[in-house]
Every structure is written in C-alpha cells, then in structure tokens.
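Here is a friendly walk through a structure, from overall build to individual strand pairings. Have the viewer open and follow along.

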Amino acid sequence: MAKLPISAEKIIDKFGPKKHYTPMGGFEGSHEPDKLVKTHCCFCAMQCGIQLKVKDNKIAGFEPWMEFPFNEGRLCPKGVQRYLQNNHPDRLLQPYQRVEGKGFEPITWDNAMERTISEIRRIQTQYGNDSFAMLSGVSLTNEKSYMVGKFARLALKTKNLDYNGRLCMVSAGAGNKKAFGLDRISNSWADLKHAEVIIIAGSNVSECFPTLTHYIWQARDNGAKLIVVDPRVTPIARTADLHLPVKPGRDSALFGAILKQLVDNDWIDHEFIEKHTNGFEAAAEAVKDYDLDWAEKTTGIEKEKILQAATWWGKAKTSFLLHARGIEHHTKGVDNVLSCINIVLATGRIGKPYCGYGTITGQGNGQGGREHGHKCDQLPGNRDISNPEHRKYIAEVWGVEEKEIPGMGLSAYEIIEAIHRGEIKGLISICFNPIVSLPNNNFVREAFEKLEYYVAIDFFLNETARHADVILPGSLHEEEEGTVTTAEGRVVKINQAIDPPGEARKDSDILIEMARRLGAGDKFNFENSEAVFNELRVASKGGTADYYGISYEKIEKNMGVFWPCPSEDHPGTPRLWEEKKSAFPDGKARFNPVAYKEPAEVVDKDFPVILTTGRVVSQYLSGTQTRRIGKLVDQYPEPLLEIHPSLAIQYNIQNRDLITVRTRRGEATFPAQIVETIRPDTVFIPYHWGGSHSANQLTVGDLDPISKIPEFKVCACQLIPTGKKAAPAEERSAYQSS
Amino acid sequence: MTVTKYDQQMGFFIDMQRCIGCHACEMACAECETNGQESMIHIHYVERAVSTQTTVQVCMHCEDPACANVCPADAISKDEFGVVHTAETSRCIGCSNCVLACPFGVPQKQEKAELMMKCNMCYDRTSAGKKPMCATVCPSGALFFGTREEIELKRPDSVPVDTFIFGNQEVKTKVKIMMPKGSNYLKVH
C-alpha cells in the first residue's frame with residue numbers, strides 16, 4: 001500500500017521542500033568555527049574540494065580549499081550553497097510510518113526495523129526472494145555502494161538490485177567495455193591543457209560541470225579549437241569555435257559522417273589501427289554511405305560545419321573528445337558512444353599526452369558507484385555477475401558459496417515495470433527519487449502505488465518517499481566517512497564533518513542493522529568505513545576497476561589516487577592505455593560498426609515537435625537537495641519551455657504564455673521562454689521538478705537494448721497554448737512539487 | 001582591521017566572454033560577514049532572447065572615483081592600495097549621489113538600511129593574502145585575481161585594459177577587463 005496517505009500539499013506542509021537561507025549574519029559560529037573539514041562537494045562528478053566550517057557539531061558555512069588540485073578553490077553555485085542542506089528544517093530526524101488519512105507519524109527505530117524485516121519475510125515467503133527489490137544511487141560513496149551490493153545479494157537475497165546510474169551514464173560504460181574492455185575516462189583533466197581540438201558532444205559543461213570550464217579555457221588559451229555538439233547554444237557552446245546544433249537523436253549520424261570523412265581524406269592513423277585495434281574495416285564499411293549531404297539532411301547540421309569539424313579533428317596532432325548525457329540518454333546511447341570512440345581510434349589519439357577520450361560522468365560518485373556492485377549485472381571491481389570466475393572470486397571474498405550469490409536481475413526501469421506488472425511486491429530505496437527522475441513518471445507513480453511494502457532510506461522526504469510505508473532517516477554526505485571516484489577516475493576522500501542529527505543514522509549503520517536482523521550480520525562486521533574500503537580493495541583486486549593498492553592514507557597524502565592501482569607500491573594511473581594495450585585478452589581496442597538508427601519516437605503530424613530535456617546550473621538531478629536551498633531555487637525557480645521564435649510565431653506564443661506540452665504519455669503546462677538559442681524544431685524543458693511541473697511526465701520509457709538507459713533526450717510532442725499567462729514564478733512554488 | 005600583507009602586485013581581472021552566468025560569484029560574495037547575505041557583484045543576461053551571454057557588474061575601483069568625489073558626507077574613501085571602500089555606515093546619509101554618479105552603475109542603495117553598499121575588494125580576505133571570494137570560486141576564469149604578468153602569460157590572446165572612455169570623460173580603474181589583444185581602451189558610445 002504505497003499511495004499517498006494524505007494530500008501532497010499536507011505532506012509538503014510538514015516535510016517540505018522548504019527554501020532554506022543563511023541568516024543575515026551567517027550561522028552561529030561561522031566566523032569562529034571549531035574546525036574546517038576538508039571534503040568534497042556532494043553534487044556532480046567533478047567532486048570539487050571544499051572545506052566545511054563546523055561549530056558545535058553543526059555545519060556553519062564553507063571556506064574554499066585552495067590546495068585541492070582539481071578545482072583550487074573554484075566552485076559553482078551549488079558548491080557554494082551545498083552547506084545549506086545542513087540544519088535544514090525539512091531534515092528527517094526520526095523514522096516515520098505511513099498512517100492512512102493522517103500522513104507520516106514517528107515510530108521507534110526498533111519498530112521501523114521490525115516492521116520492515118517482517119514485511120520482507122512475508123513478501124519473500126509468499127512470492128519468492130526476487131519479489132523484493134532494491135534501488136540504490138550513486139550519490140553514495142564507494143563504501144556504501146559496495147555495501148548495498150553485498151546487502152541485496154547476501155542479506156535480502158534478491159537479484160533485483162539496480163541503481164540510478166542506470167539513468168546516468170550506463171551507455172558510456174557499456175560502450176567503453178565494448179571498445180576497451182574497461183570503463184573509465186582515458187585521461188585526467190590535466191591532459192585537456194594542450195589538446196589541439198576538443199569535441200564536447202551532448203554535454204552542457206558550463207551548467208552541469210561548471211568547474212570543468214576552466215580546463216576547457218586553459219586549452220583554448222593554448223590554441224585549442226573547441227567544437228560543441230548540442231541542439232542548444234549552451235553557455236559553453238556560445239563561445240565555441242564551432243557549434244554543431246544537432247537534431248536530438250541524430251548523434252551517431254554525425255559521428256558516422258565524420259568517420260567517413262576521416263577515411264575518405266586519409267586522416268587516419270594506419271599504424272595505430274593496424275597494430276592496436278580490431279574491426280576497423282567493418283566500422284568504415286558501416287558508414288560508407290554517410291556522405292555530407294546525407295549527414296546534413298539527417299542531423300540538421302550544415303554540411304560545411306560537419307566537414308569543418310572532421311577537418312580539424314582529422315588534421316590535429318592531439319585531441320580530446322568528451323561526451324555526456326546528451327548522446328547517452330538514447331535508445332541507441334551505446335551506438336552513439338561507440339560512434340565517438342570510432343573516430344578516436346581511427347586517429348589513434350589515445351594513451352598519449354594531451355590525447356584523450358571519455359564520458360563526463362554526472363553524479364557525485366557516478367564513476368565509483370558504477371564499479372563496485374550495486375548494478376543488477378555486476379559484482380565489485382566491475383566484475384560480471386554472470387561470469388563463473390568472477391562469481392567464484394567474490395564468493396571467496398564474501399565467505400559464501402558461489403550459488404548463494406543471485407544472478408543478474410532487472411535494471412532500474414525494468415524493476416519499475418515489474419512492479420507495475422505486479423511481479424515485484426516490495427522495495428527498499430536509498431538515495432534515489434524515481435518519481436521525479438525516471439521517464440513517463442505517471443507510470444512510475446502508478447507502479448509505486450501498487451507496492452505492498454516500500455521502505456525509503458533518505459535524509460529528506462523526497463517525492464518518491466512520500467509513497468513509503470516506512471521512512472528511515474539516513475545520512476548526508478558530510479555525516480559519514482568514505483571515498484568517491486571522480487569523473488577523471490581519481491579516488492578521493494569524503495571526510496565526516498558532523499554526526500547525523502537527531503535520531504538519523506549513518507546509511508551504513510542502517511544497512512548493517514537490517515543485515516543483522518535478516519540473519520546475515522556475520523557478513524557485515526565492519527567497524528568503520530575504512531574496514532569496508534579495505535574489503536572493497538580485496539574484492540576489486542584483479543577486476544578491471546582495481547583499487548587494491550589504494551588506502552585511505554594514500555588518498556589523503558596524494559589528494560586522490562587514480563585507479564587502476566593494483567598494488568600498494570603502485571602510484572595510480574592518471575592516463576590509461578599508455579602501453580597501447582586494451583583490457584581485452586589480445587590487448588587490442590575494438591572498433592564497433594555503427595549503423596544509424598532513428599530514435600524510438602520521431603515527430604509526425606500528430607506530434608510535430610521534438611522535445612528534449614536537461615539541466616540548469618542551479619539545480620541537481622531530481623532536486624531532493626537543491627530544491628530545498630533558497631538561493632538555488634530563486635535563481636531558476638520553475639521549469640520553462642525554451643522555444644525558438646520561429647516556432648513560437650507559428651503557435652502565436654509570447655513569453656510566459658502557459659503552454660501545454662502533450663506527448664503520448666501525458667501532458668504538463670509550462671511558461672514559454674522564447675530564445676534563439678535552440679533549434680527551431682525542438683523545445684527544451686529542464687527536469688529537476690516533480691508533480692505537475694515535472695518534464696518526465698512527458699518523456700519516453702523506451703530503453704537502449706544494451707545499457708537499458710531510457711531515451712530522455714528525444715521524443716515527439718504537441719504544443720497547445722492555453723491562452724493564459726503564467727503567474728510570477730514566486731507564486732507558483734514549483735520547487736515544492738505539488 | 002589589521003592589514004597583514006595586502007599585495008599591490010595582485011590585480012582583479014574580468015573576462016566577460018568567459019562568464020557562464022552561473023552566479024557562483026554572487027553567492028560566494030554574499031557569504032562575506034560584512035555583506036549580510038547581500039552580493040556586491042551582479043550577473044545579468046545581456047539579452048537572453050538572443051544569447052546566453054552574461055555580464056559581470058562589480059566595482060571597478062576607479063583611480064579617481066566619482067562615487068567618492070560626489071559624496072557629500074565623505075563616506076567613501078580610497079585607500080593607499082587603490083581599493084575604494086564601501087560607504088562608512090556612520091557617515092553615509094543614503095543620498096544616492098554615488099549611485100547616480102558611478103559611470104559603471106555599480107553602487108546600490110540598500111533601501112532597508114538606507115545605506116550604499118558596494119564591493120571593497122574583499123578587504124578582509126585580500127589584506128590577509130587571500131583572493132576575493134568571487135574570484136576564488138569563479139569556475140570559468142571570468143574573474144581572476146593575480147598578477148598582470150600571470151594573466152598575460154596564461155591568456156596570450158587577450159590583454160588587460162583599465163581605461164574606459166565615456167563621451168569626453170576618461171576613467172582609469174584598478175580592476176581590469178580582458179579584451180582582444182591590441183586593445184588599449186574601451187570606448188562607451
């Protein structure tokens with residue numbers, strides 16, 4: 001029974017989101033803190049270093065951490081305001097249970113645990129172990145990610161565990177494994193500095209990874225040409241040497257056409273291809289018909305610009321290609337990624353100084369969180385849960401029989417579909433807000449309403465947790481020690497600054513207690529986070545993501561260690577592939593042929609406009625944290641429908657007219673923002689909000705067949721002007737998600 | 001306030017082209033204990049309908065500051081390091097002369113407090129050898145605090161400019177803006 005017990009408005013009254021501001025003179029003790037704790041920002045995979053001011057076991061403010069080498073004090077607005085998630089009036093300070101008609105009422109930890117364990121037992125006895133699923137998230141540290149994986153397999157004994165990385169960069173991970181046998185960006189950011197050409201494909205770098213902008217400009221100061229592929233003129237695209245305004249969903253056509261130009265003009269590295277790769281001929285054959293005229297027609301980009309991009313890339317001596325969700329959130333996300341890798345391999349520009357390639361992972365621990373086993377198909381060290389050797393190794397580390405480890409389960413969206421079908425009856429979630437973040441979220445909400453038992457671990461009552469039977473108050477980033485792995489593959493240390501407030505507990509303590517009550521306590525005898533990390537090191541040993549040689553001490557001493565780091569005397573690996581050997585047995589990297597495919601949903605006469613979604617600089621993902629921080633809300637208070645003036649005129653739309661956007665899945669109404677910085681055939685809505693303001697009511701749930709990532713970035717819509725103007729944003733309170 | 005090591009070699013440079021409109025500078029500025037959560041730096045879209053270009057508006061610390069010259073209460077002063085300080089609260093009469101006189105439109109009158117407030121180059125930080133908050137956090141390099149030699153070396157395609165011509169008036173500033181190489185001044189028509 002996971003319907004809302006009372007109206008959303010009444011829940012919001014008690015649990016927020018409420019906007020939290022710093023008092024006029026700062027928090028008490030901000031001028032004379034007891035200590036400054038060196039840690040990292042909790043938002044995004046740049047993981048900027050920051051110092052938190054602590055006074056009387058409370059966070060009182062921040063001070064830039066100038067010495068941390070990646071950001072040297074630089075921060076984005078989310079980083080500056082991150083400390084306001086502390087001392088927050090919405091913070092969950094005790095366990096709650098759902099009471100029909102009354103809302104959520106406090107219960108004791110013992111009762112919350114007892115009820116949860118008894119419901120797990122009941123559901124698993126009645127419907128089987130796999131009928132109880134778990135959804136996790138990669139804002140969790142490596143230690144917690146590892147523990148969740150072990151918990152679900154050994155304590156909950158379910159195969160159905162997956163995570164919100166499934167809607168982040170899994171297409172990149174799958175593509176990298178197909179091409180290199182390993183999933184990590186090839187170089188540290190330092191190698192951007194002297195790249196002659198940089199391609200950024202589908203990444204709004206200056207809003208999603210603002211501090212990376214500095215590195216792009218460093219390269220440009222050294223003469224780099226910047227090419228940005230994006231349907232919108234984002235702030236990073238605005239100053240690019242070349243902006244390729246790709247039609248959403250046509251990325252592999254663009255990169256296929258570029259590969260053809262490289263081949264036709266002989267701008268390829270024959271020696272590298274011959275000695276260090278396989279499959280070039282098939283990849284070239286797949287794009288032989290992708291001439292410039294076809295590419296212009298398919299991608300919507302002028303052919304001169306495509307040729308210019310191919311020429312710059314082809315003739316450069318050094319280069320770096322970066323991509324992110326813009327090319328990954330597609331039913332052909334893996335194809336898009338492989339089409340990028342093909343042009344990198346064709347020119348042999350990898351494994352050398354200032355030559356690199358990689359995805360810009362999105363979430364705080366998007367890299368480490370996808371390596372250590374809370375994915376449905378994975379065991380720690382980025383091992384394959386279906387591989388008998390990998391299973392045997394992990395079974396030994398865990399001290400269990402191999403057969404006790406469940407097999408591959410369903411991916412995140414498939415778990416929601418299975419709940420909707422009635423096959424999965426119970427759920428634990430931690431650090432995941434799928435009712436805001438998954439596509440076609442009316443369907444997702446319906447699924448949650450069908451659950452027989454749902455327990456949510458979180459620090460705020462997010463929109464999904466409003467459907468929970470029991471809520472367990474967990475810990476914020478700064479309330480538990482651990483490590484995360486940044487987008488450049490650098491393992492860094494998260495230091496505990498304060499204790500969880502009230503009755504809130506560390507996430508790991510919650511997992512350990514549940515494991516104990518489920519009879520698996522002996523597998524979770526961890527004294528502290530370092531003990532978890534030390535087990536993770538052993539579990540990852542020999543895997544592609546090998547952390548064995550990394551220790552807490554080594555991380556702190558070196559301000560991070562880049563994996564792979566297979567032994568204690570190993571310095572870590574900022575640059576991969578210097579030996580020109582991939583992780584495959586033959587040591588060769590693999591081209592993969594990419595034939596262009598259309599998106600799952602293309603425009604037609606009924607749904608004539610392309611809809612794409614993305615982020616704004618002041619919000620982070622589903623907004624659980626950032627929609628509670630006053631200044632971040634005020635900066636961009638509600639989602640706007642970005643629309644080109646030439647499209648607006650067809651519908652007689654003016655600024656702030658309320659426009660209903662309808663797709664085959666649902667409809668929602670947004671104020672229009674008329675801008676020339678978007679393709680005329682495409683509208684854009686940012687997705688951070690829930691309820692009636694949620695863009696994901698409209699997006700499509702079709703998945704990439706390999707990565708199982710949903711196609712957030714393209715679907716077909718209708719625009720229906722309502723004839724009304726939007727009230728001022730501050731009166732609409734979109735941040736509350738009612 | 002004890003001035004320990006205000007380094008006059010250090011300068012403040014603005015490169016509008018690099019501004020990504022993220023507002024980190026505003027939020028960091030407001031953290032300063034003397035600002036009471038008000039930012040002394042402001043980011044605006046030039047014309048959002050046509051571009052994502054944003055601009056930075058902050059005190060330019062003029063060599064001959066019009067704001068100080070027109071202040072009837074002598075509340076605004078320029079110190080030996082060239083920093084033009086915000087109006088002294090005990091003197092400021094809230095007349096807004098400075099607001100009207102500033103060629104860059106920087107000072108703002110805080111209506112609630114009946115006081116003019118503006119950037120004082122993070123004096124508490126810069127006089128202790130730190131960078132101003134805004135230039136510390138700026139993620140794109142649109143704001144830079146360092147020596148002229150350092151920025152010229154790092155950014156060979158642009159040059160710092162400190163001369164602004166408004167009609168017949170020439171204004172020289174402590175804060176410099178980065179312009180294409182070969183530029184000597186910015187003329188505002």
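What percentage of the 189 residues of chain B count as buried? The share is 44% for chain B. Please keep in mind throughout that this is a predicted model.

**The two chains at a glance**

The table sets the overall figures of the chains side by side.

| Chain | Residues buried | Extent along the principal axes | Contacts joining residues at least 24 apart |
|---|---|---|---|
| Chain A | 64% of 738 residues | about 70 × 65 × 55 Å | 75% of contacts between residues at least 6 apart |
| Chain B | 44% of 189 residues | roughly 45 × 40 × 30 Å | 53% of contacts with a separation of 6 or more |

Chain A holds 25 helices and 28 strands. Its radius of gyration is 25 Å, close to the 27 Å that the globule rule gives for 738 residues, so chain A is as compact as a globular protein of that length. For chain B, the secondary structure amounts to six helices and nine strands. A compact globule of 189 residues would have a radius of gyration near 16 Å, and the 16 Å of chain B agrees with that.

**Domains of chain A**

Chain A is divided into domain 1 (21–85), domain 2 (96–168 + 367–476 + 499–522), domain 3 (170–359) and domain 4 (609–736). Note that domain 2 is written as three segments. How far apart are the centres of domain 2 and domain 3 of chain A? Taken over C-alpha atoms, 37 Å separate them. Where these two domains of chain A touch, six residues of domain 2 are in contact with four residues of domain 3. On the domain 2 side, those residues comprise one nonpolar, three polar and two charged.

**A three-stranded sheet in chain A**

Three strands of chain A make an open sheet with antiparallel pairing, in the order S1-S2-S3. Strand S1 (35–40) and strand S3 (58–64) of chain A each have a single partner strand, so one side of each is left without a neighbour in the sheet. Neighbouring strands here are turned by 35 degrees against each other on average, direction ignored. Strand S2 (residues 49–55) of chain A is joined to S3(A) by six bridges, running antiparallel. If you would like a pair to look up, A:Ile50 has A:Pro64 in S3(A) as its bridge partner.

**A five-stranded sheet in chain B**

Chain B has an open sheet of five strands with mixed pairing, ordered S6-S1-S8-S7-S9. At its edges are strand S6 (143–147) and strand S9 (186–188) of chain B, each pairing on one side only. From one strand to the next, the twist averages 40 degrees. Which strand pairs with strand S1 (residues 10–14) of chain B in the parallel sense over two bridges? That partner is strand S8 (residues 169–180) of chain B. B:Phe13 stands opposite B:Lys176 in S8(B).

**Where the chains meet**

The contact between the chains involves 29 residues from chain B and 33 residues from chain A. On the chain B side, helix H1 (24–30) and helix H5 (133–137) each supply at least two residues. H1(B) gives the most to this side, with three residues. By residue class, the chain B side divides into 11 nonpolar, 11 polar and seven charged residues.

How values were computed:
Residues are numbered from 1 along each chain as its sequence is written. Chains are lettered from A and ligands numbered from 1 in the order in which they are written. This is a predicted model: local features need pLDDT of at least 70, side-chain atom pairs count only at pLDDT 80 or more; totals for chains, interfaces and linings use all residues. Helices (H or I, at least four residues) and strands (E, at least two) are DSSP runs, numbered from the N terminus. The radius of gyration is taken over C-alpha atoms; the globule rule is 2.2 Å times the number of residues to the power 0.38. A residue is buried if 20 or more other C-beta atoms lie within 10 Å of its own, exposed if 12 or fewer, and partly exposed in between; C-beta atoms are placed from the backbone. Two residues are in contact if their C-beta atoms, placed from the backbone, lie within 7 Å. Domain bounds come from an automatic or database domain assignment. Ala, Val, Leu, Ile, Met, Phe, Trp, Tyr, Cys and Pro count as nonpolar, Asp, Glu, Lys and Arg as charged, and the others, Gly among them, as polar. Two strands pair if DSSP finds at least two bridges between them. Axes are lines fitted to C-alpha atoms, for helices over the stretch in contact, and angles run from 0 to 180 degrees between N-to-C directions.
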